[in-house]
Amino acid sequence: MPHTRSLLRLAPALAGVCLSTAALAQTCEVRSGPKPPAVVELYTSEGCSSCPPADRWLSTLKTPDGVLALSFHVNYWNHLGWRDPFATPETTARQYRLKEALGGKYVYTPQVVHNGRDHRNWTGQSARDLQPLPAAGAPGLRLSRQGNVVTAHLSASAAHPKLAGYWAVLQDGLVSKVTRGENAGEQLRHDHVVGLYQPVEPWPGAQAHTTQLTVPAGGNPRVAFVVTNPTLTQPLQALVLQCPT
């Protein structure tokens, strides 16, 4: 069997592959390849009757197909009678930040944002219809995990004076039986739900950078890191890590 260091030198052929061996003390990692994924953000709520079709569409998008799908549940529909259990103040604040960056007059659900731009024609689209992020200027990114600590290793990028980013811990296969509000009586299923959203402060793009996240104990969630412009609104690179159990 080839030594692990030899395997890592095969990137980008192994881009998107998670490695775990005794020699690495149960560390697993993934590296960015030559082409970044498309980044699709869905802003949704269980209190919104028009959101379930968008939730189902997002579930069709998969990381191996070159798409990082992120479901951000928002809390401003909770007053309609059903409190969305996956909505947080942080994920809601992100949508308001995007509204300002995009020059929008209001926030709404369901909203799909593709590579940092409002994307209203998502119905019926597949992963192959979604353009990836531009490869030019995308910084190199490697994610590694040891225990409950995930580290993002970022290469220097002369193309960007400053970079920022955010962590997203993703949950799949979540099911809710809604008993009140606009979706009363419905059983809703969600994938790619951002259960933890943590922004990272900007750093000089010309310098290599590392940042860490401690994931909650228990389970083996997918962990994504998205590199952005300093306002956190325009993705430039993205990677998701799923370690073997």
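Biologist: How many disulfides does a search of the whole structure find?
Modeller: Happy to start there, with the reminder that this is a predicted model. Cysteine 28 and cysteine 243 form a disulfide, with sulfur atoms 1.8 Å apart, inside the 2.5 Å cut-off. The search of the whole structure finds one disulfide.

Biologist: How many residues apart are cysteine 28 and cysteine 243?
Modeller: The disulfide between cysteine 28 and cysteine 243 links distant parts of the chain. Cysteine 28 lies in strand S2 (residues 28-31), while cysteine 243 sits in the segment after strand S15 (235-241). Both cysteines are buried. Along the chain they are 215 residues apart.

Biologist: Is cysteine 48 buried or exposed?
Modeller: The cut-off for buried is under 20% relative accessible area. Cysteine 48 has 5% relative accessibility, so cysteine 48 counts as buried.

Biologist: Which strand gives the largest share of the largest nonpolar core?
Modeller: That core has 22 residues, and those with the most contacts inside it include Leu68, Phe72, Tyr166 and Val194. Among the elements that give two or more residues to the core are strand S4 (67-73), strand S9 (162-171) and strand S12 (193-204). The largest share, four residues, comes from S9.

Biologist: How many residues are in the other core, the one with Val150 and Leu154?
Modeller: This core lies apart from the core of 22 residues. Val169 and Val215 are also among its members. Its count is 21 residues.

Biologist: Is tryptophan 203 buried or exposed?
Modeller: Tryptophan 203 has its place in strand S12. Leaving aside neighbours within four places in sequence, tryptophan 203 is in contact with residues including Leu154, Pro161, His209 and Phe225. Its relative accessibility is 3%, and the cut-off is under 20%, so tryptophan 203 counts as buried.

Biologist: How far apart in space are tryptophan 203 and glycine 165, C-alpha to C-alpha?
Modeller: Gly165 is one of the residues in contact with tryptophan 203. In sequence, the two are 38 residues apart. In space, C-alpha to C-alpha, the distance is 9.4 Å.

Biologist: Why is the pair of tyrosine 76 and tryptophan 77 edge-to-face?
Modeller: The structure holds nine aromatic pairs. In the pair of tyrosine 76 and tryptophan 77, the ring centres are 5.3 Å apart. Planes over 60 degrees apart count as edge-to-face. The planes of these two rings are at 65°, so the pair is edge-to-face.

Biologist: What is the angle between the planes of tryptophan 167 and phenylalanine 225?
Modeller: This aromatic pair links distant parts of the chain, with tryptophan 167 in strand S9 and phenylalanine 225 in strand S14, 58 residues apart. Both tryptophan 167 and phenylalanine 225 are buried. Their ring centres are 4.8 Å apart, and the edge-to-face angle between the planes is 65°.

Biologist: Which backbone oxygen does the side chain of asparagine 183 reach?
Modeller: Asparagine 183 is in the loop between S10 and strand S11 (187-190). It is buried, with a relative accessible area of 4%. Setting aside neighbours within four places in sequence, its contacts include Ser45, Gly47, Cys48 and Pro52. At 2.7 Å, its side chain reaches the backbone oxygen of glutamate 46.

Biologist: Which arginine forms a salt bridge with aspartate 172?
Modeller: Aspartate 172 lies in the loop between S9 and S10, and its partner is in strand S14, 50 residues apart. Aspartate 172 counts as partly exposed at 39% relative accessibility, whereas the partner is buried at 11%. With the closest N and O atoms 2.9 Å apart, the partner is arginine 222.

Biologist: Is glutamate 100 buried or exposed?
Modeller: Glutamate 100 forms a salt bridge with lysine 99, the closest N and O atoms being 2.7 Å apart. Lysine 99 counts as buried at 16% relative accessibility. Glutamate 100 has 57%, and the cut-off is over 50%, so glutamate 100 counts as exposed.

Methods
Residues are numbered from 1 along each chain as its sequence is written. This is a predicted model: local features need pLDDT of at least 70, side-chain atom pairs count only at pLDDT 80 or more; totals for chains, interfaces and linings use all residues. Side-chain values use heavy atoms; hydrogens and water are left out. Buried means under 20% relative accessible area, exposed over 50%, partly exposed in between (1.4 Å probe, protein chains only). A nonpolar core is a set of buried Ala, Val, Leu, Ile, Met, Phe, Trp, Tyr and Cys residues joined through side-chain atoms within 4.5 Å. Contact means heavy atoms within 4.5 Å. Rings of Phe, Tyr and Trp (its six-membered ring) pair if their centres lie within 6.5 Å; planes under 30 degrees apart count as stacked, over 60 as edge-to-face and the rest as tilted. A polar contact is a pair of N or O atoms within 3.5 Å; within protein, one must be able to donate a hydrogen and the other to accept it, and residues adjacent in sequence count only if both atoms are side-chain atoms. A salt bridge is a side-chain nitrogen of Lys or Arg within 4 Å of a carboxyl oxygen of Asp or Glu.
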